[in-house]
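Please look through the sequence and the model shown here before reading on. The report that follows moves from one pair of strands outward to the whole chain.

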Amino acid sequence: MLDRFNWGILGPGRIAQRFAADLERLPDARLLAVGSRSAERAESFASAHGAQRAYDSYAALASDPDVQAIYVATPHPFHLETAQLCLQQGKAVLCEKPLAANLAQTESLVASARQHGAFLMEAMWTRFNPVMIQVRTWLAEGRIGEPRLVTADFGFAGTVDPASRLFNPALAGGALLDVGVYVVSLAHMVFGSPPTRIKATAAVGETGVDEQTALALAFAGGGLASLTCAICTNTPQMARIDGTGGRITIPAFWHATEATLEPLHGEPITTRGDASYHYEAAEVMACVRAARLESDAMPLDESIAIAATLDAARHAVGVRYPFDAR
Ligand SMILES: NC(=O)c1ccc[n+]([C@@H]2O[C@H](COP(=O)([O-])OP(=O)(O)OC[C@H]3O[C@@H](n4cnc5c(N)ncnc54)[C@H](OP(=O)(O)O)[C@@H]3O)[C@@H](O)[C@H]2O)c1
């Protein structure tokens with residue numbers, strides 16, 4: 001008999017459906033319970049994804065003694081409150097990106113995890129896909145020498161709707177937090193430390209959120225990142241890492257299925273793999289089973305540093321949320 005790991009899902013919306021479907025790829029995991037603000041939505045999601053238990057409140061899900069880890073998939077401003085509810089019950093938490101809506105909230109969330117001795121990880125799923133694992137291995141092996149420049153973009157053409165999660169400042173809308181977090185996270189991952197200088201410029205739309213933003217980051221040792229993000233324009237969603245000894249190119253980097261290493265001397269090598277949300281879930285399970293409170297691949301201090309970069313960029317372009325400190 002397999003020792004099945006029991007998952008709960010909190011906030012059964014759009015991304016939760018993708019996560020639940022991919023979780024089925026793990027034979028030693030099961031979706032046991034779903035928590036929603038509405039009994040009807042919880043029941044309909046539970047029946048669509050084979051979960052035995054449906055709760056009409058997040059608190060009820062968080063107190064289910066059989067649930068081992070909870071995937072938090074609410075919009076960004078509710079990550080802090082909903083993830084804290086789970087951590088207080090000692091649950092392991094995989095919380096959607098960005099870990100919280102600003103630096104202060106991110107620090108509070110990490111402090112809660114540490115206070116309660118519970119596992120917490122930002123669901124930066126990109127890092128756990130096999131292609132990105134290979135990229136990290138190439139970097140660690142020095143296959144492109146010293147990384148010098150990260151160039152990455154993530155833009156898509158959203159439909160302007162002032163009430164939507166993407167465009168509403170009260171829901172922490174804007175390109176930086178929705179997709180900018182991917183390019184910023186990539187640069188942090190490559191250079192392994194927070195940037196020392198952050199410049200940003202943005203086009204702020206009528207609803208008061210950044211619809212597209214360009215960032216220039218400088219890292220200790222001279223590394224640079226040139227990053228763009230948008231919720232109003234489709235862009236190629238490419239990443240390139242140029243180093244002193246070669247280059248890595250990653251098409252559709254945030255859900256990469258291939259990447260190419262071009263050493264300065266030698267033949268190019270292309271790696272391929274699938275992109276799926278079950279890889280990040282497997283990381284959570286491995287950490288929990290090993291009694292680890294955070295993941296080496298997405299450590300909490302790095303999530304805090306990423307939140308600091310996003311805050312600095314957002315403040316530089318003049319976007320403020322109603323819940324930011326004045
Ligand atoms: N990893 C990825 O590829 C990826 C992709 C998309 C989004 N995301 C992240 O996932 C999170 C959720 O995004 P989403 O697009 O799935 O969001 P969504 O569908 O708009 O909302 C998710 C769920 O959150 C719950 N919720 C709780 N309070 C809410 C409120 N005040 N307003 C609206 N919904 C509320 C709702 O569930 P109930 O009311 O039923 O409880 C809702 O169905 C975001 O942080 C986003 O950055 C990640």
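Which residue is the bridge partner of Asp 242 in β12? The partner is Arg 247, and this pair is a good place to enter the structure, which is a predicted model.

**The strands around β11**

Strand β11 covers residues 239–243, and five bridges join β11 to strand β12, residues 246–250, with the two strands running antiparallel. The connection between β11 and β12 is a hairpin that passes through two residues. β11 also pairs with β7, again in the antiparallel sense and over five bridges, and within that pairing Val 150 stands opposite Ile 241 of β11. The two faces of β11 can be told apart, since Ala 239, Ile 241 and Gly 243 make up a covered face, while Arg 240 and Asp 242 belong to an uncovered one. This fits a general pattern, in which the side chains of a regular strand alternate between the two faces of the sheet.

Strand β7, residues 147–155, is also joined to strand β10, residues 224–230, by seven bridges, and here the strands run parallel. In this pairing Phe 154 has Cys 229 of β10 as its bridge partner. In general, strands of a sheet pair through backbone hydrogen bonds, either parallel or antiparallel. The three pairings described so far can be set side by side.

| Strands | Direction | Bridges |
|---|---|---|
| β7 and β10 | parallel | seven bridges |
| β7 and β11 | antiparallel | five bridges |
| β11 and β12 | antiparallel | five bridges |

**The sheet and its helices**

These strands belong to an open sheet of eight strands with mixed pairing, whose order is β8-β9-β10-β7-β11-β12-β13-β14. Because β8 (197–204) and β14 (269–272) stand at the edges with a single partner strand each, one side of each is left without a neighbour in the sheet. On average, and with direction ignored, neighbouring strands of this sheet are turned by 10 degrees against each other.

Two helices can be placed against these strands. Helix α7, residues 175–191, lies across β7, β9 (210–218), β10 and β11, and runs at about 160 degrees to β7. Helix α9, residues 300–316, lies across β8 and β9, and runs at about 50 degrees to β8.

**Tyr 55 and the ligand**

Tyr 55 lies in strand β3, which covers residues 53–55. Is this residue buried or exposed? Tyr 55 is buried, because 22 other C-beta atoms lie within 10 Å, and a residue counts as buried at 20 or more. Leaving aside residues up to four places away in sequence, Tyr 55 touches Ala 33, Val 34, Gly 35, Ala 42, Ala 60 and Leu 61. From Tyr 55 to Phe 219 the separation is 164 residues in sequence and 46 Å in space, C-alpha to C-alpha.

Around the ligand there are 20 residues, of which Gly 11, Gly 13, Ile 15, Ser 36 and Glu 96 come nearest. The shell divides into seven nonpolar, six polar and seven charged residues.

**The protein as a whole**

The secondary structure of the protein comes to nine helices and 14 strands. The radius of gyration is 19 Å, close to the 20 Å that the globule rule gives for 326 residues, so the protein is as compact as a globular protein of that length. Along the principal axes, the C-alpha atoms fill a box of roughly 55 × 50 × 35 Å. Of the 326 residues, 50% count as buried, and among contacts between residues at least 6 apart in sequence, 68% join residues at least 24 apart.

Technical notes: Residues numbered from 1 in each chain as written. Predicted model: local features only at pLDDT ≥ 70, side-chain atom pairs only at ≥ 80, totals over all residues. Pairing = 2+ DSSP bridges. Helix = DSSP H or I, 4+ residues; strand = E, 2+ residues; numbered from the N terminus. Axes fitted to C-alpha atoms, helices over the stretch in contact; angles between N-to-C directions. Contact = placed C-beta atoms within 7 Å. Near = placed C-beta within 6 Å. Nonpolar A, V, L, I, M, F, W, Y, C, P; charged D, E, K, R; others polar. Rg over C-alpha atoms; globule rule 2.2 N^0.38 Å. Buried ≥ 20, exposed ≤ 12 C-beta atoms within 10 Å, placed from the backbone.
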